[in-house]
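Here are some friendly notes to read alongside the structure. Keep the 3D view open and find each part as you reach it.

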Amino acid sequence: MDKIKLYNSLSRGKEEFIPIKAGEAGIYTCGPTVYDFAHIGNLRAYIFADTLVRVLKFNGLKAKWVMNITDVDDKTIAGSKKKFPDLGPMEALKRYTEMYEKYFWEDLERLNIPRPDRTPRATETIPEMLELVGALIEKSFAYEKDGSVYFNIKKYAEKYSYGQLADLDLSRMKSGVRVSADEYEKEDVNDFALWKAAKEGEPAWDSPWGRGRPGWHIECSAMSEKELGLPFDIHTGGVDLKFPHHEDELAQSAAGRDCQKPVNYWMHNEHLLVDNKKMSKSLGNFYTLRDLEEKAMPDGRQGVNPLAFRFLCLQTHYRSKMNFTWESLEAAKKGLNHLRNQVRALTPHLEAELPSGSSASKCREFEEKFLAAANDDLNMPRALAAAQELLKSGIPSEEKLATILHFDEVLGLNLAEAGKQEEIPEEIKALAEKREAARQAKNWAESDALREKIRSLGYEIEDTDKGYSLRKK
Ligand code: AMP
Ligand code: ZN
């Protein structure tokens with residue numbers, strides 16, 4: 001097998017990927033907090049994770065991809081209360097998060113991101129969270145205070161290295177202070193909440209420490225362990241999750257299970273920016289996929305196919321910041337159309353038997369280039385360049401088509417569809433309908449004349465069992 005190199009945030013360098021179990025890879029991706037539509041910055045994070053999984057599979061690995069749904073946290077609770085003030089807190093949370101989870105899967109589908117193999121919800125993993133919190137208390141890495149449970153950082157730091165992932169300067173930390181919020185600054189690092197005592201009017205579950213709800217970090221520790229066991233291979237998320245979320249996840253799993261290295265590779269995508277600032281809900285500078293798809297933008301611009309956004313993301317390495325502009329999206333739309341047209345031009349062969357696998361000899365040079373780029377920490381800009389070189393080469397169409405479709409297993413741009421779906425102009429469709437009517441009326445002369453007319457306009461009409469079909473000549 002070819003070497004796959006991945007940048008590991010933990011070692012701050014590229015490392016060869018060596019799976020725990022030969023031939024298999026377990027990947028955990030921090031999924032969405034379903035309190036609103038995902039913005040396209042969030043979606044960049046999932047395009048990155050999908051690309052990773054695709055590359056692992058392209059290399060012949062069996063991948064198990066887990067993505068959780070964060071359906072209980074500060075934000076989902078606040079949103080559900082506001083949206084459904086008349087419902088009980090549990091029912092409101094369920095209704096609210098189900099709605100945004102559904103939109104989320106729709107977004108992924110539009111971006112050609114397959115559903116991960118496992119998609120656990122936090123609210124359905126409460127027993128495992130309670131068990132892990134209990135284990136942490138038993139080992140004295142956590143303590144209860146007023147119905148909440150906190151992680152004891154000082155105790156942890158005696159045995160493990162807190163701050164190893166986020167590269168924290170522990171001397172600047174305040175100590176002995178507790179924090180209940182899920183998100184906080186590096187300077188505020190202190191004992192964080194594993195379990196939060198119930199507040200009036202909020203969803204709550206029974207626990208040995210009274211009714212309450214989990215902290216965000218324990219959710220991911222419990223769900224990843226449940227689905228993948230410990231240690232597992234790869235954990236992904238955006239760079240903003242490195243601290244405190246991933247640092248705390250690492251600490252909980254390590255201390256709770258006596259496991260120095262619960263995750264072998266931590267991978268983080270850089271941010272999508274707008275006007276050079278992180279796209280985020282809190283800054284209000286965000287767009288959703290629906291915004292991109294809207295036919296008429298406020299300035300009259302045409303909406304785009306979501307795959308143009310995927311294509312745009314692939315043009316920037318996942319570890320580089322990417323500044324989003326409408327101009328760059330327009331350019332990606334044109335670029336993708338061009339690519340689809342190039343594939344379409346090869347399509348007479350689409351239905352033909354494709355050479356199996358990737359071994360068509362003349363294509364090997366391009367295959368190797370593409371794979372080397374993909375395996376070099378998912379260098380998709382270089383992989384796309386290899387795909388372009390292939391398309392420009394003098395290789396016979398049939399092999400070219402097979403190879404580009406093979407590359408598309410990684411790119412995920414639905415290029416096979418591009419070949420199948422020819423855009424037939426309305427005028428041609430109308431002529432075909434007229435011919436069909438003539439045929440039905442057994443008016444053969446008119447039917448033949450119309451077929452000739454359609455031909456002269458560059459299209460071929462064929463009669464099949466199910467009616468007729470049209471294609472460009
Ligand atoms: P959330 O739903 O807020 O938990 O975020 C989902 C994912 O999106 C996480 O992996 C975040 O790190 C990631 N993320 C949030 N904002 C951005 C952004 N502007 N660019 C790229 N990834 C982001
Ligand atoms: Zn997470």
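**Notes on the model**

Let us start with one residue and work outwards. Leaving aside its neighbours within four places in sequence, F309 is in contact with I40, L43, R44, I47, L111, L292, M322 and L329. Please keep in mind that this is a predicted model.

1. **The core around F309.** Which residues touch the most other members of the largest nonpolar core? They are L43, F309 and I404, in a core of 82 residues. Helix α1, residues 40–58, gives the most to this core, with eleven residues. Domain 1 (5–269) and domain 2 (273–419) both contribute residues, so the core lies between them. As general background, nonpolar side chains tend to be buried together in soluble globular proteins.

2. **Another core.** Apart from the largest core lies another one, made of 48 residues. Among its members are V72, A122, L165 and A166. Try colouring these four residues to find this second group.

3. **The domains.** The protein is divided into domain 1 (5–269), domain 2 (273–419) and domain 3 (426–472). How many residues of domain 1 are in contact with domain 2? There are 34 of them, and they are in contact with 42 residues of domain 2. The centres of domain 1 and domain 2, taken over C-alpha atoms, are separated by 30 Å.

4. **The protein as a whole.** You should find 16 helices and 16 strands in the secondary structure. Taken along the principal axes, the C-alpha atoms fill a box of roughly 90 × 55 × 40 Å. Of the 473 residues, 53% are buried. The accessible surface comes to about 21,700 Å², and carbon and sulfur atoms account for 48% of that surface. Contacts between residues at least 6 apart in sequence join residues at least 24 apart in 72% of cases.

5. **A crossover through α1.** Strand β3 (residues 24–29) and strand β4 (residues 62–67) run parallel and are joined by six bridges. To see one facing pair, look for A25, which stands opposite A63 in β4. Between these two strands the chain passes through α1, and this β-α-β crossover is right-handed. Helix α1 was also the one that gives the most to the largest core.

6. **A hairpin and its next partner.** Strand β5 (residues 142–145) and β6 run antiparallel, with four bridges joining them. One of the partners to look for is F151 in β6, which is the bridge partner of A142. The hairpin of β5 and β6 has two residues between the strands, and D146 in it takes a positive phi near 50°. Strand β6 is also joined by two bridges to strand β8 (residues 191–197), and these two run antiparallel. There, Y150 stands opposite A193 in β8.

7. **The two faces of β6.** Are the residues of strand β6 (residues 148–151) buried or exposed? S148 and Y150 point one way, V149 and F151 point the other way, and all are buried. This is a good strand for practising how side chains alternate, so rotate the view and follow them one by one.8. **A small open sheet.** Three strands form an open sheet in the order β13-β12-β14, with mixed pairing. Its edge strands are β13 (277–278) and β14 (322–323), each of which pairs on one side only. Strand β12 (residues 272–274) pairs with β14 in the parallel sense over two bridges. Within this pairing, N323 in β14 is the bridge partner of L273. In general terms, the strands of a sheet pair through backbone hydrogen bonds, either parallel or antiparallel.

9. **Two residues of α13.** E398 is found in helix α13 (residues 397–411), and A402 has its place in helix α13 too. Why does A402 count as buried? Its relative accessibility is 11%, and the cut-off for buried is under 20%. E398 has a relative accessibility of 33%, so E398 counts as partly exposed.

10. **Sequence and space.** E398 and L346 are 52 residues apart in sequence, and their C-alpha atoms are 7.2 Å apart. A402 and E327 are 75 residues apart in sequence, with 32 Å from C-alpha to C-alpha. Please look at both pairs in the 3D view.

How values were computed: Residues numbered from 1 in each chain as written. Chains lettered and ligands numbered in written order. Predicted model: local features only at pLDDT ≥ 70, side-chain atom pairs only at ≥ 80, totals over all residues. Heavy atoms only, no water. Core = buried A, V, L, I, M, F, W, Y, C linked by side-chain atoms within 4.5 Å. Buried < 20%, exposed > 50% of the residue type's maximum accessible area, 1.4 Å probe, protein only. Domains from an automatic or database assignment. Contact = heavy atoms within 4.5 Å. Pairing = 2+ DSSP bridges. Right-handed = clockwise from strand over helix to strand, strands pointing away. Areas by Shrake-Rupley, 256 points an atom, 1.4 Å probe, with all protein chains shown as cover.
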